Every structure is written in C-alpha cells, then in structure tokens.
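Me: Can you walk me through this one? I'd like to start with a single chain and then see how the chains meet.

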Protein chains: 12
Amino acid sequence: MKILIVNGPNLNWLGKREPDVYGDQTLADLEEYLSRQVVGRDLELCFFQANGEGDIIDFIQKESDAGGLVINPGAFTHYSYAIRDCVSSMEFPSIEVHISNVHARETFRRESVIAPVCKGQISGLGFTGYRLAVEALTEDGIQ
Amino acid sequence: MKILIVNGPNLNWLGKREPDVYGDQTLADLEEYLSRQVVGRDLELCFFQANGEGDIIDFIQKESDAGGLVINPGAFTHYSYAIRDCVSSMEFPSIEVHISNVHARETFRRESVIAPVCKGQISGLGFTGYRLAVEALTEDGIQ
Amino acid sequence: MKILIVNGPNLNWLGKREPDVYGDQTLADLEEYLSRQVVGRDLELCFFQANGEGDIIDFIQKESDAGGLVINPGAFTHYSYAIRDCVSSMEFPSIEVHISNVHARETFRRESVIAPVCKGQISGLGFTGYRLAVEALTEDGIQ
Amino acid sequence: MKILIVNGPNLNWLGKREPDVYGDQTLADLEEYLSRQVVGRDLELCFFQANGEGDIIDFIQKESDAGGLVINPGAFTHYSYAIRDCVSSMEFPSIEVHISNVHARETFRRESVIAPVCKGQISGLGFTGYRLAVEALTEDGIQ
Amino acid sequence: MKILIVNGPNLNWLGKREPDVYGDQTLADLEEYLSRQVVGRDLELCFFQANGEGDIIDFIQKESDAGGLVINPGAFTHYSYAIRDCVSSMEFPSIEVHISNVHARETFRRESVIAPVCKGQISGLGFTGYRLAVEALTEDGIQ
Amino acid sequence: MKILIVNGPNLNWLGKREPDVYGDQTLADLEEYLSRQVVGRDLELCFFQANGEGDIIDFIQKESDAGGLVINPGAFTHYSYAIRDCVSSMEFPSIEVHISNVHARETFRRESVIAPVCKGQISGLGFTGYRLAVEALTEDGIQ
Amino acid sequence: MKILIVNGPNLNWLGKREPDVYGDQTLADLEEYLSRQVVGRDLELCFFQANGEGDIIDFIQKESDAGGLVINPGAFTHYSYAIRDCVSSMEFPSIEVHISNVHARETFRRESVIAPVCKGQISGLGFTGYRLAVEALTEDGIQ
Amino acid sequence: MKILIVNGPNLNWLGKREPDVYGDQTLADLEEYLSRQVVGRDLELCFFQANGEGDIIDFIQKESDAGGLVINPGAFTHYSYAIRDCVSSMEFPSIEVHISNVHARETFRRESVIAPVCKGQISGLGFTGYRLAVEALTEDGIQ
Amino acid sequence: MKILIVNGPNLNWLGKREPDVYGDQTLADLEEYLSRQVVGRDLELCFFQANGEGDIIDFIQKESDAGGLVINPGAFTHYSYAIRDCVSSMEFPSIEVHISNVHARETFRRESVIAPVCKGQISGLGFTGYRLAVEALTEDGIQ
Amino acid sequence: MKILIVNGPNLNWLGKREPDVYGDQTLADLEEYLSRQVVGRDLELCFFQANGEGDIIDFIQKESDAGGLVINPGAFTHYSYAIRDCVSSMEFPSIEVHISNVHARETFRRESVIAPVCKGQISGLGFTGYRLAVEALTEDGIQ
Amino acid sequence: MKILIVNGPNLNWLGKREPDVYGDQTLADLEEYLSRQVVGRDLELCFFQANGEGDIIDFIQKESDAGGLVINPGAFTHYSYAIRDCVSSMEFPSIEVHISNVHARETFRRESVIAPVCKGQISGLGFTGYRLAVEALTEDGIQ
Amino acid sequence: MKILIVNGPNLNWLGKREPDVYGDQTLADLEEYLSRQVVGRDLELCFFQANGEGDIIDFIQKESDAGGLVINPGAFTHYSYAIRDCVSSMEFPSIEVHISNVHARETFRRESVIAPVCKGQISGLGFTGYRLAVEALTEDGIQ
C-alpha cells in the first residue's frame, strides 16, 4: 500500500522557521522518522514538498493510484479551494495534519477549507501527528 | 501514569444515535477497546461520562493529579467556556477528540472553544482517534 | 401512549417571574391544566422540570421509550446544542413550545438551536401551546 | 366570530410543489378540512389566497372587522415588511402558520419579519397547524 | 408643473394605524392639506396610493412626463429595489418622505434602498414633510 | 415546445432607462429579435412582462405546461423568494438572464435568490443572452 | 423665538470644498440667505460654526434656552455620540440637515448617530434644506 | 440583611488557576476576607460556589428572600441565558463581579449576557471588587 | 496622593439630562459628595470636566504625576481611541466609571474602547461608583 | 480570430471527479466538441489547462493578441485576485464559464472575484456553456 | 515650498509612551531631525501638534496655501472623518505617516479613514518615515 | 549588502495595465531607475518577478542570506498566507510596497495579509516608493 506524505509551502523550512512553534527538527528529520516507523511493514511512503499550489495538485493527480494521503497543506489550508477540489476528487482517503495546534494561534489559522473533504484532521501533535495519521489510514480500524 | 478519558453529553448514547455518523458500537465497546490497547503498559485509564457540564468539571478537578486528559466534549465543544477554563487550569496536557469529522458537518460544529487550550485535536478517526490521543500523551515524542 | 412534558430552567418560577410576560399562573397550574385535558384518553403525561442541562438530558434518555416529547427548553433554547443532540437522537417526535412569542422579544430569543431537530414549534400561545402540542403529537393528522 | 385564513404566494400550488416537504394534499383539501372542523360552531372561516403582496394587504384591510387572522405568508414571511405593517395595524390578533418546520430548512426560511407583530407562531405541524391556530384564537384560553 | 404624490402600502390606513406614531389624521386629510397649500400656484398635484409594488411602478411609469415626485414608499422603502430602479429611470427629480423619524425606530427602518436614487430625503416632520418636499421641487433654489 | 420569456419590473422601460448600461433598444426590439431567431423551428415563444411580483407568479403557474422558462427577474432577482418558490415548483427547467454584468455593478446586484433553483444563469451578454438561453433549453445538449 | 443654526467641521470651507458636491456658495452666503428668509418674522437666528466637537457642545449647552436647533454636524454625524447626548439632553426640538444626499455617497455617510435623537432629518436639498428646517420648527404644524 | 455571594465554575480553583491573572489567594481566602469586612454589621453573607449552571440557579431560587446578590458567574457570564433569566426574576438587586479586567482579555470575555439584568458590574479590582459590591448593595446610596 | 476625577462630555449637564437615567443631582453634588468622603485622609481629589476630547487629554498629560485616575468618559467611552492612548501612556492606574448600567442600554453603549487599558471598570452604581473607584485606587488591596 | 479556452485547476480531471456534478465526459471530449462547433468558421480555438495560478497568468499574457477569452477558473474563481488582475489588464473581452450551477452549491462557490472584470458569466449549462460563450464573443451582437 | 508636519493626539508624549513600540526619542527630537534633513534646501517645514481634532483642522485650514502635508493623525487615524474631510478639501497632496507598523498591532489600528484621501501612506519606518514622506512630496518623481 | 526587489503577479505588465492607475512606465524602467539610485553604493539589488506564488517563495528561500527585501506582492497581498509565512521566516527585514494608494481603491485591496510580518509598508508613491524602501532598509536610521 502506498501512502502519500505531502507537505505544503514553507515546510521545507522546518527547523529554521519559528522554532518555538515548529521545533528545530527539519523536513528531512520528519521523513526519516516516518520511514523508520514503517520499516518491515508492507507500506511505501511517498514524500513530496512544494511551495506551489499547482505543483501539489499535479503530484496528487499523478499519484491517484495511492492508498491514502497524509497532507499538511501549510498556509494553503486556509484558502486553497483548488487543493480541496483535488483531494475531494481522489478515491483514497486523506488526513490533514498540522504540527502546531492551529486552534491556539492567529484566527485565520483556525479555518481549514480542505478538512471538510478529508476523513479527519490531527493538529498540535508535532511529528507524531504524521505517524498517527499513517496508522489511522492503514489499520483495520474498529470503526 | 493515569490518563482520564472523558466523554461529554449524549456519548453514552453511542451506537443508538445517528449510527451512520457515529457507527453502531457503544460507549462500553469504546472503553473495552481502549483498555485492551493498554494491557501490559504502565497506564491507568480512568473513564468518565456525563451529560452535565458541572459534573465534567467536578470530575476533572477531582482528578487533577492525572498525567493527561483525552476529552470528547460532545456538544459542549462549541460553547462550554466553563470546561475550557477548567481544562486550561490543569497542569497536565489535554487532547480533544471527535469521532466524526466535525469539519464536514453543520457549521456550528466547526468551532471548538476548548481546543485552543488543549495540546492538540484529533477528529474523524472514530474510536481510533481516542487510542492515538492516548499514544500521543504517553510516548516520548520526538517533537 | 406516554408523552413527556419537559420544562427547562426557571419555568418552576412561573407565576413569579415577569408576570406581564408569562402570566401569573404557576407550573403546577400548567400541569393540572394539561392533566385535565387528557382525562379519559389513553395518554400518560410525564412531567419534568429542571434547571440543569444535564438533568434534562438524563431524563429524556431514561424515558426514551416514550411516544413523544413536548419541550419548553427555556433559556437553553438558544445555546444548548447538548439538548439538541439528545432530542435528535430520540426516535419519538418532539415539539418545542414557548409560552411567550419569542419573535417579539430580545434578539437572542429568536434563535432556537433545538427547533431544527424537532417536528415543529409553537410559540406565543401560553399554556394553550402545550395542549396543542400534545394534540399534534397524538392525533391521526391528515397532513 | 369571523376568522380570516390567508395563504400567501404559491400555496395555491400545494400538492403539486415539493410533495415531500408539503404533502400531496391541495389548498382545497386544506379549506375543506378546516371547514369541517368548525361545523356547528359559531365561527365563520373566510378563505383567501393570493400571489401578490398588495392583494393580501388589500384583503386584510377590507376585512378589518374580523375577529382573528391565521396567516401563512409563504415566502413573504421573510421580507414583506408591508404585510407586517398591515398585520400590526389591525386590532384583531394574528397567528402565523407554516406547514413545514421552517427551522429545519434553508437559513433564509428561519427569519420571519411578520411573527414579531403576531400573537404567536406555529410551524411544522402540517394542516393541523391551521386548525390549532383557529382553536387558539377562539378558545377562552387560561393564559 | 405636475407633481406626483405617491404613498405606499398601509398609508391608506393613516389615522387608524399606530396613532401615537403617525397621528390621527387620515390620508384624505393629507391630500386636502397639500391641495390647500398649492391653491393659486401653477401646480398640479397628482395623488396615488397603493399597497402593491407593481401598481406603484405602473403609476410612475404612466406619469413619466411629470415634473417631480414626492414618494413615501412605506415599508417598501427597505427592500423594493424594483421601485428604486423605477425612480432611478425617471427624468424628473424625486424626494423621499417619511412621516415619522425612521432613524428613531426599529433598526430595519433605518435603511432606505430608494433614497440613494432620490434628490433628497425628509423624515420625521409629519404632513409638513410632504409640503416641504413640494416646495423643494418647485422653488428656484439657490443651490 | 413552448418557451416562456418573462421579464420583470422596469424591463418594459428598456431603451429609456440608463442607456449606457442597458443599451437603447426596447423590449419590443428584444421580442422581435428573439422571434426572428426561432423562425422555422418548432418553438413557440411566449412573452410576458410585469412590474408586479404576484402577476409574474400568476403567469408562470398558468403556463405550467411549458417546456422551459427564460426569466430576467429584474430587481426581483435580489429578494423575491416568492418567485423563487414558484420557479422551483415548476417541472420545466429555467434559466436566469441578465442583460448587464451584475457582478460588475452595485453589491446588492450580485446576489440572486432565484438562481439557486434554476438550471443556470447568463449575465452580461445583452439580448444575445436571451437567445443563448433559448438555445440551451432546446438543444440536445451533450451534457 | 430663537433658532440655533449650527454647522460642524469643514462647513466653514463651503464653496471651496468639492464644489461639485456642495456648490460654490459659502457659509456667509448661507447665513445671509437664511437671514433674508426670516426678515419681518419674530425669529432670531443664532449662527455658529466650529471644527471642534467640544466647542459645538459648549455652544448648544450655553444656548439651552433656545426654541429649536438646526444642525449640520458634518462628519461628526457619523460618530459623535457626544453631540448626540448633548442634543438629546436639550428640551427644544432639533432637525439634522445635510446639504448633499448622504444616502448617495460613501457608505459611512449613510449612518447618523445623531438623527435618532432629533425630531427629523432633511438631506440633499442644499441651502433650501436649512430653510425648510427652520419652517418646520416654527410653523404651527398640523401633523 | 442577607447577601448572597455566588461564585461560578472554576472559581473553587482560585489560587491554582493562572495565578498571574487571578492572584494566588484561594476561594477560602476570599470568603474569610469578606466575612472580616462585615463583622459587627447587620449583614449575613451567604457563600456558594458550583461548577454547574443548574446548581447555581437552584441556589438562587432557594434564597429568593435575600436582600441582594453578588455574583461572579465565571465562564457562564458569556453564555448562560438561564442564569440571566434567574437573576432577572429575583426581586433583590444583583451586582456582577469579575476579579480580572475582562475588557483586557480574550474577545469572548468582553460580553456578559447577565450584566444587562443586574444593577451594575465591577471588574478588574480583585477581591476588593466583591467588597465594594457588598457596600453598594447595602449603603444608603445618594444615587 | 492625588487622584484625578475626570468627567467627559455632557456630564456638566448632570441633573438636567434624562433624570430617570442619571438622577437629579448635579456635577457639583457629585464633587461635594466625593470631597466629603475623603475628609481627613491624605488624599487630594482633582476635579475636571470638559466636552472636548483634546481638553481631557491635555489635562491628564498635565497631571501625569498623579497617583490614580477615575474617569467617566461619557460618550467618548465608545470611540475615543485618543483618550485610550493617553490613559494607556500614563504610569498611574485608571478606573473607568459609569453612573448608569451601560450593559442595560443601547447596544453602542456596551463597548468601551478605553476600559481595556484601565485597571478596572465600575458601572451602574451611581455616585457610589466614583467613591468605590477612589477606594480601590487607594486601599492596600489584598489582591 | 483567435479565442483562448482556458480551464483552471482540476478540470483536467473532468469525467473522473464527481460525475454526478460534472458529468462523465473528459476535458478531451470538451475540446473536441468545441473544435467541431467551429469547423469552417474563421476561428482558431487555443486550448490551455493548468493547475497553477501563475501558469494560467503566464499563458494569458503570452496570448495577449487574442480576440477573446473563455475561462473556467475552477476553484481559482473564488480567490485568485491575481487572475482577476491579469484578465482585467487584457484588451480583449473575457467570459467566465462554469459547468455546474455555482449558485446551487456550497456558499463559497457563489462568489467570483474574476467575473466583475469579465464581459459576462455563464453557469450551469455544461459543455454548452463554453460553446455559447464562444458565440457571444464572435457574433455581431445586436447589443 | 512649505510642508506641514502635523502630529495628532499623544504624539507630544513620544519617548514617554510605550518606548518599546515608539522608541525613546521625543517629538522635539523628531522635529530637529527633520529640520536637519532640509537644511540648505528651499523647503520650509511647519510643525504642529495638538490633542484636539478641531485644532488640527483649524491649523490645516489656516495653512491651506502650503505645498504639502505630512500627517500622523495618531488615534484619529481610525475614526476622524472630520480630519478626512479637511485633508480631502485641500489642494495640496498629503501623505499619512505612522511610526510603528499599524498592520502588526491591534485590529482597530489597521483601518485608516484618512488614508483614502491621501496620496499615500508610510508605516513602520520610525522617524525615517517622516523624512521619506517629505522627499516624496518634494522630488520630481518619475512615477 | 544584497537587497531583494520582488514583484508579484502582473507587475511584468506594468505600463500596459491600467496606465491611469499605474503609469506608463515598465518593469524594466523601474529596475533601471532603482539601479541608477544605488550606483556607487555598496548595494546589490537583486530583481525578481513571477506570476506564481510558489516561484516567489522559492526565490526568497534561495536568497535567504540577503540583507533585506522590498516586495510588491501584487494581488497576492490580499490572500497569500504562504508568502506571509515565507517572509515571516526570514531573518532579514522586509518592506511591502504598492505603486498605487491601495486605501483609495476597491475594498479588497485594503487588507494585506503580508504587511503584519513586515517592518513597514509604503503605498501610493509610485516608483519612488521602492527607492524609499531601499533607503529605509539601508540607512542607519535614528528611529
């Protein structure tokens, strides 16, 4: 089963940007951490990061045969109806992830235009949030 | 380490209420499921459900020596500033959980007045969401 | 057939509170009036009043085998999504009743968060409103 | 005692329009049903339907010696301040009736500009609602 | 010079409706009062009252060769964009008049959708307001 | 196949009203233009214009056996829920047409309460818009 | 009888400021025009202009024995609750006047915080508006 | 004279919750402080604290023969229309008190739904605020 | 210790303005009342009233060595960000006072732009409110 | 004459995405359909689709010598002020097209930030809408 | 060429007020700094500061023969439509300056009612902002 | 010291787009003008323009060792939280520049989501604004 791990704008800047909010670990650290979690499981993690809205849509469309999507849309969370439409048109389930607790920051960060077309959303749990999202997409959940 | 698992109003009605939204498993099923997950770990799960705002606050205050709180405030999510103040005054971290994806339902369900004082929020992942919240509270997270 | 007659906060204060708005008859008068109306009919009226949101939910859940609910949620009308969820999860139909015409008073009294999950709403008709609600729940309506 | 039964725009289309919302009975059925209810009582029901705002006002002014008004203003409910002013200037009491539960439909249907100048409002109870309104206008209410 | 004096819905009810707001004089009194003012002047006053929006537009279009319009749109003031479009398409100037001070009443009475396409507006000055409007339309104003 | 061509308030004033916005051709010109377009086709165009909301509803109800409706509701576009309900209750499809580009004018002209119950909307294309609407209603569309 | 004629900020700039909106006549012209109108009548006009909110209040309080107030508050119209409170506390009636039609200009010019405590308001009638206001304050109105 | 001193949700947590906002003194300290102030005066202070909305209403109704109420509704300040209705239906005067300056905190803390039915409100003065409220209720005020 | 007692616009009109809201005692009565309260204490009360925003700021700046400020900004409460900035830039604490209960009057009176930079606010307690404010500024508070 | 046919994000997914809303025909079908319509006419259709906002602007700028633009901006309709500015700066006329009736879907789909700078807008008419837009751009319209 | 440098309320308090926001240099320092910049140029800087709205308008009107205006309206920025009207009626160009970045502070500081009638606005650049504004007013810009 | 000069979407169209708003000089003219200003100074100006949000972010991240950023985000000003996050994560200061006075245009152009994370903003001063921004970034400000 292939899981897409998509990170939006400025997440390639992790570890450099507002370390008190996002920690000092980098995107590479995140990818390594996630890869380590799935060692020995029949799971392929497919990483992608871009600062452009169109590039993210292009990637998801190209990988439309995946089994699930974990997406941190960064700032696109709040206005990219284009990514919303893309996620919504895929057949696989998606989970939106945020490293920080978006509910405890600026008002504009509280609204997600993408979450309504996802299966669920996890926020505030750091890198762990990504791992939990992968688990939720892959386990034989009881509900 | 003691983890509080608090469910708000009408969650004792799980399995009976809108099964297409919440599934047909009951609160007892949820508690059994979670108990099974922590077997053999040094974790005490402390379950509580009430339909009254004051009862929930009383319980949390009484258990203020716990190590963490997983709370599904039900409808109180959207207006109980009293529970917000209670959660905010505790020293242990809290995670808000919703069984269904609140972002994909009525507008009023999209705002949480409690999430801003939690560590994070998980929604849309069913019973799994509770389990992931327990994990997030107990693991030696990298971030 | 059992009909629940539930009155919310401060309705035990009927006759004492703002008599120009609510009249000078008491809750006991209301219950006696309604009981008189159903004499000789195969109807059991089950009265309940409480000032606590949780108590009202507890009562309705406990009586979930009733045939219908007449509810005057008092001030809870305007914010108790918890009672809304409770009413919505019952199998029997509910009718919301208000003694005074809520549309002719303060702005906040014009919105009901509970009415959307009821069968209907009656306001402004005094005690008569309760009786009409009972009729509507029990007659073989032509609608 | 003469009671006016006024139906606003498109209610002459009852039975044809959205039968899942309004049922398949016609305006004629409604009038016959109501007439049957008052047989043998000292009550004259005076029926009127029009699609034009001015026609409704003309009718009510012409019948200003009536004893009461049951009005279903249809879509005019939501914006006809002209009908509101007309109803407000009559000496007899008025009750606003809606066949469907306006609180459970589109947002714009939740606001009535006419209800604030009525004695009360009944919604969601089908044809029964009209009958109950007539009762409320004619009985020697205890409140 | 012909001046149109148009009164909207319920103004034929003057003297009967809310006398504390509108006084106890009737529409006939108003018309007589205005006629008396223009005796001996080269002015034709053309009176019209209707409760229907379309009737008012029909009248104004028919009299499009008049020299000015004094209009009290009654409740249509607040929502009749149709009358606005009609007034706006005439070549003669119009003045909106209100008997009572609309700024001191319910909020909805404060907005006029018609005034923006008039030359001016007079409110709160009773019958006098109509007379002043006629003066303003006919005098060789210095500004 | 019979197509209704309904024009709302003040459209009988075409050519006289704001010629820079609406051009200088008249309603008669429009009707002649459209008639010319359908010469030799099995199409009956049925023209109607009125300044009154109720008259428009009366007409549409009377012609409920038509095959389609092209409607320019004029100012009623923005508040006539009565016409909306009427259009919505017809079995034939409707297309809303505006001569000018409503999106480029006053704010209040941007919202249509009628468009949501139409098949589609065309604005800004002058008389051509009516013709295109007729085409869209009559062609064996590929979608 | 003494009538106060109060002009607010920038009205001393009349004739210089936006002549297309306000004309090219000056404040002196206005005062001369008004004085001419009342020649031979038992009326004393008392002129005042100031750019400061406090100065206007000081003046009105000092002249609290006047018989009426004609006030063009200029930009203070839209936010000076202090002048509102002052006008409201006087025993004589006040009329608010605007030279231009405030309803046809920027949105912020449409709201007056002072008009609700006046007897009435006249706008859009140029200098004539002041004269009409004086008339309305002094005539034995029939209203 | 009996004065009720009612504290709402989480105020039993005083001294533990956000000490930088609320200080480090406890509810017991507050009660002792107030008791000390009234020593030797003919005043009975009646203390009550609860986390439940219904419990607070029950208490106030039970003590309806008191001479005054000092209430810090905690988070209920912002949404408990039920407590508002209760306070409003008492014959004795009430004063709302807040320890911190609610105007200088989160936006939601600025609105009180209860203050409109109180005699007055004191905020930001710490424990002193309670004492001043007691004084205001008991002195033979000059105004 | 010097305490400034500043009253804003129209408070020199106390006793004359709306006596049912503000009582019939004058500003002189207030100042005498307060002076009497501090007899024999080491307190200098420094009274000031003005109708102009700038005058109030000038006064406060000139007295920047005072020990505290009791300010009733009158209507400036609701829009004078200039006074807010002034109060905020002083080193001494300020308390905002209102004679009437601003929460129970017009909506616009509920918002204070000055209170957020004060230590606290007292409203609805008449002249007593000023005295309590002086006490709060001078006592060795326990909080 | 060259006409640009520009489709925005996710429209390359036509036929796969929500077939109940958008039908099951693909972007290739659309282009073929449109090409077929213009066979034998002196018209060059220039097709372009991209998921990136910048790519669409780049394309339009590059083709600034075209004679007209038919644009379906997809989700960019609702927030791309950048495309608006681009369309606005072209000398040729543009028509905005939507396959589905945007007025009958989610609220956010009702606002177009691009339509105000277009000649017109067509929505809800499927592929036909594109063809009608081409016609409108190319015919010698009477208006 | 004469340039007016006008500073609004509390700017005479520079250096004392919130030094972390505004720095610790005074208004005198600012004026000296600016004077130094224009030494040897044919420029007369005319400084003015006042806390009163009317005083600022009086000054600008008196200096209406100046060649330009640099204005920091302080808190008046956000509500003084009176100063806006004054600035707008001058023939010389004006530039609004703010020492701090108003976009990064409280919400109310983000709106300027004066900037729309200025040539431009500079914020966040400290004293330098004033100097740059003088440059912009005096250079033969290429713009 | 390296200064980035970044221009957003459609600014490559300068001189062609709305010349009455933006003048008729081109982007090349702007760059030449700025280059000329810094001749002989130890300043490297690094120019960049793109129509794509992601491209702008890519560029800024790549040049993260610069000493300052002058950015005219064009239409992205109003919604690109992605660019905001990028600018915010850089260590060098940024100044937002607009050629026209955004405060005097359409409402949507008045809000900048990027300015809050900049040092300051300059608008309405044409090309001069860019030069002043460079000066502000490079001078040893006294602020």
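Reply: This is a predicted model. Along its sequence, chain A runs β-α-α-β-α-β-α-β-β-α.

Me: How many helices and strands does chain A have?

Reply: Five helices and five strands.

Me: And is chain A as compact as a globular protein of that length, or less so?

Reply: As compact. Its radius of gyration is 14 Å, and the globule rule gives 15 Å for 143 residues, so chain A is as compact as a globular protein of that length.

Me: What box do its C-alpha atoms fill?

Reply: Roughly 35 × 30 × 30 Å, along the principal axes.

Me: New topic: chains I and H. What turn lays chain I on chain H?

Reply: A turn of 180°, with a shift of 0.0 Å along the axis. The RMSD is 0.0 Å. That is the relation of a two-fold axis.

Me: Which C-alpha of chain I is nearest the axis?

Reply: The one of I:Ile122, 2.2 Å from the axis.

Me: Why do we say the copies meet through the same surface?

Reply: Because 100% of the interface residues of chain I are also interface residues in chain H.

Me: How many residues are in contact there?

Reply: 33 residues of chain I touch 33 of chain H. Together the two chains bury about 2,700 Å². Carbon and sulfur atoms carry 48% of that.

Me: How many salt bridges between chain I and chain H?

Reply: Two. One of them joins I:Glu135 to H:Arg131, with the closest N and O atoms 3.2 Å apart. There are also twelve residue pairs in polar contact, both residues at pLDDT 80 or more.

Me: Which element of chain I gives the most to that side?

Reply: Helix 5, with seven residues. Helix 5 (126–138) and strand 5 (120–123) each supply at least two. By class, the side of chain I that touches chain H has 14 nonpolar, 13 polar and six charged residues.

Me: OK, now chains G and K. What do they bury between them?

Reply: About 1,300 Å², with 51% on carbon and sulfur atoms. Here 15 residues of chain G contact 16 of chain K.

Me: How many salt bridges between chain G and chain K?

Reply: Two. Among them, K:Arg84 pairs with G:Glu106 at 3.8 Å, N to O. Eight residue pairs are in polar contact, both residues at pLDDT 80 or more.

Me: What classes make up the side of chain G that touches chain K?

Reply: Six nonpolar, four polar and five charged residues.

Methods. Residues are numbered from 1 along each chain as its sequence is written. Chains are lettered from A and ligands numbered from 1 in the order in which they are written. This is a predicted model: local features need pLDDT of at least 70, side-chain atom pairs count only at pLDDT 80 or more; totals for chains, interfaces and linings use all residues. Side-chain values use heavy atoms; hydrogens and water are left out. Copies are superposed by least squares on the C-alpha atoms of residues with pLDDT of at least 70 in both. Contact means heavy atoms within 4.5 Å. Buried area is the accessible area (1.4 Å probe) that two parts lose on being put together, summed over both. A salt bridge is a side-chain nitrogen of Lys or Arg within 4 Å of a carboxyl oxygen of Asp or Glu. A polar contact is a pair of N or O atoms within 3.5 Å; within protein, one must be able to donate a hydrogen and the other to accept it, and residues adjacent in sequence count only if both atoms are side-chain atoms. Ala, Val, Leu, Ile, Met, Phe, Trp, Tyr, Cys and Pro count as nonpolar, Asp, Glu, Lys and Arg as charged, and the others, Gly among them, as polar. Helices (H or I, at least four residues) and strands (E, at least two) are DSSP runs, numbered from the N terminus. The radius of gyration is taken over C-alpha atoms; the globule rule is 2.2 Å times the number of residues to the power 0.38.
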